[in-house]
Amino acid sequence: MTKALDDLLDLLDLEQIEQDYFRGRSRSAIVPRVFGGQVAAQALVAAGRTVPDDRTAHSLHAYFLRMGDPGAPIVYTVDRIRDGQSFTTRRVVAIQHGQPIFHLSASFQTYEEGLDHQAPMPDAPDPDTLPTAAETLPAHADRFIHPDTARRMLEARSAVDLRYVDAPPYASVGERREPRSQVWFRTNGKLADDPLLHVCLATYVSDMTLLDSVLLAHGRGGWAVGDVVGASLDHAMWFHRPFRADEWLLYDQESPSAHGGRGLGQARIYTQDGQLAISVIQEGVVRVPRG
């Protein structure tokens with residue numbers, strides 16, 4: 001396991017300060033706010049800590065309410081909404097400086113047999129043939145508004161091996177492309193077998209690139225280039241089948257709409273052997289800077 005992954009796992013290991021109350025901290029952010037994937041993953045950890053071990057997360061629905069302060073602790077309060085025979089529901093509110101910054105509802109289920117079908121996995125190249133972030137980001141560092149952005153992005157994402165199938169938005173500024181993007185990802189090191197841990201790591205990564213397809217449709221490079229400003233508004237995930245976040249996962253993303261200063265991204269995440277593991281939808285603020 002790399003030190004970066006070990007640090008990320010430590011970040012997700014929340015401190016329990018009282019029954020159904022947990023405290024988390026933040027890592028240094030590229031932008032002066034808490035990374036949305038971090039707060040979503042931590043909230044899911046808090047919810048999962050109150051659920052019986054035989055129930056695994058099958059969905060989450062979340063809203064980002066306020067910008068998080070990376071220099072302050074985050075308190076997660078868990079509301080035990082329901083404990084049924086098959087399903088368990090939890091509501092989590094993340095609080096900083098006395099105000100809610102994030103709200104999550106998550107549902108957990110005991111395993112059962114049932115009907116089974118899925119959308120087929122799209123074509124994608126072998127991830128081992130694709131360039132790493134360490135090869136891609138420095139090659140386009142001159143496009144970023146700050147000279148150390150590439151280094152900071154590499155540092156922030158060093159716990160995860162994330163590889164674009166096609167050029168990322170920052171590498172094709174001014175070129176309008178189909179609103180679709182594919183990335184392969186896995187953690188940079190092996191993880192324990194705890195299913196909640198793998199779900200939380202996938203939740204963490206899911207907020208990194210989902211709105212890329214919005215940018216591609218308009219030839220925009222993203223916040224690092226400075227031609228858009230934005231933030232996540234809401235996020236939903238459905239966990240269909242077992243998977244491991246330390247094995248290659250294909251994140252197949254597209255954007256069906258952008259309007260009114262908002263962009264929508266939707267995606268499917270597949271295991272390398274073609275199993276549909278997760279569905280994801282996110283809407284975010286995507287604005288063109290004025291002046």
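# Exercises on a predicted model: salt bridges and helix packing

At 61% relative accessibility, Asp-116 counts as exposed, and this residue of the predicted model opens the first exercise.

**Exercise 1.** Determine which residue forms a salt bridge with Asp-116, and which parts of the chain the pair ties together.

*Solution.* Start with the partner: Asp-116 is joined by a salt bridge to Arg-241, with the closest N and O atoms 2.6 Å apart. Next, place both residues: Asp-116 belongs to the loop between strand E6 (99-110) and helix H3 (133-136), while Arg-241 belongs to the loop between strand E9 (229-239) and strand E10 (249-259), so the salt bridge ties together parts that are 125 residues apart in sequence. Then consider accessibility, where exposed requires over 50% and buried under 20%: Asp-116, at 61%, is exposed, whereas Arg-241, at 16%, is buried. Finally, look for a network, and one is found in which salt bridges that share partners join Lys-190, Asp-193, Arg-244 and Asp-246.

**Exercise 2.** Describe the salt bridges of Arg-25 with Asp-10 and of Asp-83 with Arg-90, and state for each residue whether it is buried, partly exposed or exposed.

*Solution.* A search of the whole structure finds 16 salt bridges, among them the one in which the side chains of Arg-25 and Asp-10 meet at 2.4 Å, N to O. Arg-25 lies in the loop between strand E2 (21-24) and H2, and Asp-10 lies in helix H1 (residues 3-12), so this pair ties together parts that are 15 residues apart in sequence. Arg-25 has a relative accessible area of 43% and is partly exposed; Asp-10, at 42%, also counts as partly exposed. In the other pair, the side chains of Asp-83 and Arg-90 meet at 3.0 Å, N to O. Here Asp-83 is partly exposed at 48% relative accessibility, but Arg-90 is buried at 1%.

**Exercise 3.** Work out how helix H2 is oriented with respect to helix H5, and which residues make the contact.

*Solution.* Two packed helices are described by the angle between their axes and the distance between the axes. The axes of H2 (residues 36-48) and H5 (residues 195-209) come within 7 Å and cross at roughly 160 degrees. That angle makes H2 roughly antiparallel to H5, since angles over 145 degrees count as such. The crossing in which H2 passes H5 is right-handed. On the H2 side, the contact is made by Gly-36, Gly-37, Gln-38, Ala-40, Ala-41, Leu-44, Val-45 and Gly-48, which meet Leu-196, Val-199, Cys-200, Thr-203, Tyr-204 and Asp-207 of H5. The residues of this contact divide into eight nonpolar, five polar and one charged.

**Exercise 4.** Carry out the corresponding analysis for H1 and H5, giving the orientation and the character of the contact.

*Solution.* The axes of H1 and H5 come within 12 Å and cross at roughly 105 degrees, which makes H1 roughly perpendicular to H5. The contact consists of Leu-8, Leu-9 and Leu-12 in H1 meeting Leu-197, Leu-201 and Tyr-204 in H5. By character, these residues divide into six nonpolar, no polar and no charged.

**Exercise 5.** Describe the surroundings of Thr-77, and decide whether this residue is buried or exposed.

*Solution.* Thr-77 is found in strand E4 (residues 74-83). Leaving aside neighbours within four places in sequence, the contacts of Thr-77 are with Asp-20, Tyr-21, Arg-91, Val-92, Val-93 and Ile-95. The relative accessible area of Thr-77 is 17%, so the residue is buried.

Technical notes. Residues are numbered from 1 along each chain as its sequence is written. This is a predicted model: local features need pLDDT of at least 70, side-chain atom pairs count only at pLDDT 80 or more; totals for chains, interfaces and linings use all residues. Side-chain values use heavy atoms; hydrogens and water are left out. Axes are lines fitted to C-alpha atoms, for helices over the stretch in contact, and angles run from 0 to 180 degrees between N-to-C directions. Helices (H or I, at least four residues) and strands (E, at least two) are DSSP runs, numbered from the N terminus. Angles under 35 degrees count as roughly parallel, over 145 as roughly antiparallel, 65 to 115 as roughly perpendicular and the rest as oblique. A crossing is left-handed if the near helix is turned anticlockwise from the far one by less than a right angle, and right-handed if clockwise. Contact means heavy atoms within 4.5 Å. Ala, Val, Leu, Ile, Met, Phe, Trp, Tyr, Cys and Pro count as nonpolar, Asp, Glu, Lys and Arg as charged, and the others, Gly among them, as polar. A salt bridge is a side-chain nitrogen of Lys or Arg within 4 Å of a carboxyl oxygen of Asp or Glu. Buried means under 20% relative accessible area, exposed over 50%, partly exposed in between (1.4 Å probe, protein chains only).
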